[in-house]
Amino acid sequence: MLKQVQHDELRNDWTRAEIAALFELPFTELVFRAAEVHRAHHAAGEVQLCTLLSIKTGGCPEDCGYCSQSAHADSGVEATKLMDVQAVLQSAAQAKDAGSQRFCMGAAWRNPKDRDMPAIVEIVRGVRAMGLETCMTLGMLTPAQADQLAEAGLDYYNHNIDTGPEYYERVITTRKFEDRLETLDNVRAAGINVCSGGIVGMGETREDRVGFVHTLATLERHPESVPVNALVPVKGTVLGDMLEGTPLAKIDDIEFVRTVAAARITMPLSMVRLSAGRESMSEATQALCFMAGANSIFTGDKLLTAPNAGDDEDAALFAKLGLTALRGEEPMRACARAEAAE
Ligand code: SAM
Ligand code: DTB
Ligand code: SF4
């Protein structure tokens with residue numbers, strides 16, 4: 001029997017010391033505790049399937065050091081215009097046929113221009129009408145743009161804080177950590193569900209990872225979805241080139257699982273997504289992530305520009321681990337709905 005929780009029972013007063021202490025637990029103890037929290041609030045054998053589509057690729061003015069789509073990078077990714085609405089709907093139909101629950105659409109923008117909004121609104125309406133959950137990640141939003149997206153029926157907005165506040169300016173200089181938090185506030189205020197997480201393995205310290213989890217776990221409301229990405233190192237990006245050939249080139253698997261476990265324990269009702277980087281992760285590491293409370297993945301053979309594990313590989317992994325696709329409602333949303341009805 002899954003435990004019913006009220007929003008006010010969820011803690012958002014986590015201290016950094018408490019989260020650091022979680023990271024420091026003996027590994028099996030940490031994973032055990034995370035698995036306990038997971039089982040109390042979620043069906044532990046069910047994993048949510050989400051599909052990604054880049055609806056506007058490359059040429060982005062931001063200088064995010066990890067990103068192949070930044071105009072500052074020399075990654076060979078070609079810049080495109082915003083995709084045609086019908087072409088997006090066609091991709092969404094394929095994702096639905098492949099069993100995906102959520103369709104996530106990303107644009108390589110610093111922020112959407114107001115002239116882009118009518119097409120974006122049409123896309124949201126169209127994808128929703130197909131019975132898929134919609135998620136968009138378009139960069140920074142004004143309150144008015146967030147309201148427009150809410151009005152169109154957008155279910156989720158993804159906007160990652162990416163790392164801890166101290167390491168942020170080492171990765172991105174064209175905007176501030178606070179700018180990210182401001183957009184998250186605008187999304188929340190508009191009544192759209194929040195998807196926010198970050199990247200592990202960018203050369204940050206454990207203290208930075210503690211700060212990353214701490215920032216999310218102390219938001220007034222935890223994000224409904226928390227994507228934890230492992231850096232996909234891309235040649236021609238600042239981080240891809242900086243880390244190449246160094247011991248930091250790949251995050252230690254155990255440290256990655258620790259980060260997933262800390263997210264699960266501190267944000268019990270959120271969907272924790274094992275996001276980018278699965279393609280180069282062993283089945284055993286992915287299994288440990290599911291054990292430590294990850295319960296969502298991106299399916300399909302492509303993320304935005306980088307390769308993903310692919311449907312056949314995932315079907316084989318799910319069969320091997322006895323996992324099934326989540327079909328029901330997520331606890332965090334059910335909880336918010338129950339409260340709104342009171
Ligand atoms: N432009 C929008 C923005 O930055 O908010 C949306 C698209 S952006 C590509 C979405 C997220 O993908 C980033 O915030 C980052 O966390 C993740 N990401 C991008 N490149 C990545 C990489 N090479 N490895 C892992 N995650 C990555
Ligand atoms: C998120 O946290 N990860 C996704 C999604 N949100 C938009 C993006 C991963 C991108 C990986 C690198 C690429 O495909 O270029
Ligand atoms: Fe642009 Fe987003 Fe890539 Fe940063 S992460 S360069 S904002 S597309």
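A polar side-chain atom of T305 lies 2.5 Å from an oxygen atom of ligand 2, and N229 offers a polar side-chain atom 2.8 Å from an oxygen atom of ligand 2. Both are polar contacts, meaning pairs of N or O atoms within 3.5 Å; within protein, one atom must be able to donate a hydrogen and the other to accept it, and residues adjacent in sequence count only if both atoms are side-chain atoms. A nitrogen atom of ligand 2 is also 3.5 Å from an N or O atom in the side chain of N158. In total, 13 residues surround ligand 2, with N160, N229, L304, T305 and A306 the closest; a residue is near a molecule if one of its heavy atoms lies within 4 Å of it.

Before you go on, keep in mind that this is a predicted model, in which local features need pLDDT of at least 70 and side-chain atom pairs count only at pLDDT 80 or more, while totals for chains, interfaces and linings use all residues. Residues are numbered from 1 along each chain as its sequence is written, ligands are numbered from 1 in the order in which they are written, and side-chain values use heavy atoms, leaving out hydrogens and water.

Let's turn to ligand 1. N160 appears here again: one of its polar side-chain atoms lies 2.9 Å from an oxygen atom of ligand 1. The backbone takes part too, with an N or O atom of A107 at 3.2 Å from a nitrogen atom of ligand 1 and a polar backbone atom of W109 at 3.3 Å from a nitrogen atom of this ligand. Of the 17 residues around ligand 1, those that come nearest are T137, N160, D162, R180 and V232.

W109 also belongs to the group around ligand 3, together with C60, E62, C64, Y66, C67, S70, A108 and R175. By class, this shell has 6 nonpolar, 1 polar and 2 charged residues; Ala, Val, Leu, Ile, Met, Phe, Trp, Tyr, Cys and Pro count as nonpolar, Asp, Glu, Lys and Arg as charged, and the others, Gly among them, as polar.

Now look away from the ligands, at H222. Is H222 buried or exposed? H222 is buried, because its relative accessible area is 3%, and buried means under 20%, exposed over 50% and partly exposed in between (1.4 Å probe, protein chains only). The side chain of H222 reaches the backbone oxygen of R11 at 2.9 Å. L321, by comparison, is partly exposed, with a relative accessible area of 34%.
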